[in-house]
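User: I should like to understand how the terms used for a protein model are justified. Please take me through the reasoning step by step.

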Amino acid sequence: MLKQDRITLLKLLTILIFVFIASHCYATSNRELSLPFNSAKSIQLTNHYKNITNGITELSLSETQKSLTTPFNQQEITIPVKGDNFLSPWIAKDTRYYKLGQFEDKNNIFKLIIYNTIGESDTPLLNVQLNSYDRKGILLDSLLLSTFFGYEDIIRFSHFKINPDYTIAIDNYVIHPYEPGEYGTTQHKKNPKPEVYIRAKYKIIKGYF
């Protein structure tokens with residue numbers, strides 16, 4: 001085989017591999033979610049949980065996910081996000097999201113999305129959110145299911161479960177990585193364990209949380 005033919009073949013294989021990866025990610029992001037669905041069922045979320053419990057507090061979408069993100073439209077940034085949103089229910093105009101999957105009923109479509117944003121004191125956040133739309137694509141409601149972040153002496157994240165009866169259970173956890181001392185925090189704990197901070201329950205009724 002000529003050298004030029006080999007180079008052409010390698011280029012073709014590279015393109016085919018890229019197309020396969022991109023199409024696989026697109027199919028994964030648009031896959032139908034079967035209920036019950038919990039945060040442990042998503043490979044992407046499981047990796048984020050593993051990282052944050054190992055002390056990695058600045059989490060972000062992968063480069064592949066970033067290449068497949070969609071910008072929030074005008075309506076999506078004007079409806080406040082419900083849930084434990086740290087008093088910041090609004091989404092910035094330039095934010096983009098990656099779709100993890102969706103499920104639907106007779107009248108509504110529900111999209112599970114994940115995106116990076118900035119919180120208080122410029123803290124990087126990774127949010128997991130559930131949006132509900134009517135059959136015309138109009139956003140009805142938004143619920144924050146989990147926020148991954150770490151700030152000074154605290155790490156936060158949540159586990160969630162969406163049940164077939166459309167109830168949603170959210171367990172919010174905190175990790176305190178430092179030992180308390182007489183004059184403030186001291187050294188790192190050897191194996192800091194997640195502690196339940198608050199539990200919340202929601203019910204989807206006619207597309208609203």
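User: In the chain, where is confidence lowest, and where is it highest?

Analyst: This is a predicted model, and its confidence is expressed as pLDDT. The mean is lowest in helix 1 (residues 3-29), at 47, and highest in strand 3 (residues 96-104), at 97. The chain as a whole averages a pLDDT of 85, and 83% of the residues score at least 70. Over residues 13-29 the pLDDT is below 50; this stretch has 11 contacts in the model beyond near neighbours in sequence.

User: What makes strand 6 largely enclosed by the rest of the structure?

Analyst: A residue is called buried when its relative accessible area is under 20%. In strand 6 (residues 139-151), 12 of the 13 residues are buried, so the strand is largely enclosed by the rest of the structure.

User: How do you know that strand 5 and strand 6 pair?

Analyst: Pairing requires at least two bridges between the strands. Strand 5 (residues 124-134) and strand 6 are joined by eight bridges, and therefore they count as paired. They run antiparallel. One of the bridges sets tyrosine 133 opposite its partner, leucine 139 of strand 6. The hairpin of these two strands has four residues between them, and glycine 137 there takes a positive phi near 85°.

User: How many bridges join strand 6 to strand 7?

Analyst: Three bridges join strand 6 to strand 7 (residues 154-162), and the requirement of at least two is therefore met. These strands also run antiparallel, and glycine 150 has isoleucine 155 of strand 7 as its bridge partner. Their hairpin has two residues between the strands. Glutamate 152, in the turn, has a positive phi of about 50°.

User: Why is glutamate 152 called exposed?

Analyst: The term applies to a relative accessible area over 50%. Glutamate 152 has 62%, so it is exposed. In space, its C-alpha is 9.7 Å from that of tyrosine 178, although the two are 26 residues apart in sequence.

User: Is glutamine 102 buried or exposed, and how do you know?

Analyst: Glutamine 102 lies in strand 3. Its relative accessible area is 12%, which is under the 20% limit, so glutamine 102 is buried. Leaving aside neighbours within four places in sequence, its contacts are Arg31, Glu32, Leu33, Ile109, Phe110 and Lys111.

User: What joins the side chains of glutamine 102 and lysine 99?

Analyst: A polar contact joins them, at a distance of 2.5 Å. The cut-off for such a pair of N or O atoms is 3.5 Å, and the distance of 2.5 Å falls within that limit.

User: How many residues has the largest nonpolar core, and which have the most contacts inside it?

Analyst: The largest nonpolar core has 30 residues, and those with the most contacts inside it are Leu112, Leu130, Leu145, Phe160 and Ile168. Helix 2 (43-53) and strands 3, 4 (108-118), 5, 6, 7 and 8 (167-175) each supply at least two of its residues. Apart from it lies another core, of eight residues, among them Ile77, Val81, Ile91 and Tyr115. In soluble globular proteins, nonpolar side chains tend to be buried together. Leucine 130 is in contact with residues including Phe103, Leu112, Leu145, Ile168 and Phe209.

User: What makes the meeting of lysine 82 and aspartate 141 a salt bridge?

Analyst: The rule asks for a side-chain nitrogen of Lys or Arg within 4 Å of a carboxyl oxygen of Asp or Glu. Lysine 82 and aspartate 141 meet at 2.8 Å, N to O, so the pair qualifies. Lysine 82 lies in the loop between strand 2 (70-71) and strand 3, and aspartate 141 in strand 6, so the pair ties together parts that are 59 residues apart in sequence. Lysine 82 is partly exposed, at 32%, whereas aspartate 141, at 4%, counts as buried.

User: How many salt bridges are there by this rule?

Analyst: The count comes to five. One of them joins aspartate 84 to arginine 156, with the closest N and O atoms 2.9 Å apart. Aspartate 84 lies in the loop between strand 2 and strand 3 and arginine 156 in strand 7, so this pair ties together parts 72 residues apart in sequence. Arginine 156 is buried, at 8%, and aspartate 84 is partly exposed, at 31%.

Technical notes: Residues numbered from 1 in each chain as written. Predicted model: local features only at pLDDT ≥ 70, side-chain atom pairs only at ≥ 80, totals over all residues. Heavy atoms only, no water. pLDDT = per-residue confidence, 0-100. Contact = heavy atoms within 4.5 Å. Buried < 20%, exposed > 50% of the residue type's maximum accessible area, 1.4 Å probe, protein only. Polar contact = N/O pair within 3.5 Å; in protein donor to acceptor, adjacent residues only side chain to side chain. Core = buried A, V, L, I, M, F, W, Y, C linked by side-chain atoms within 4.5 Å.
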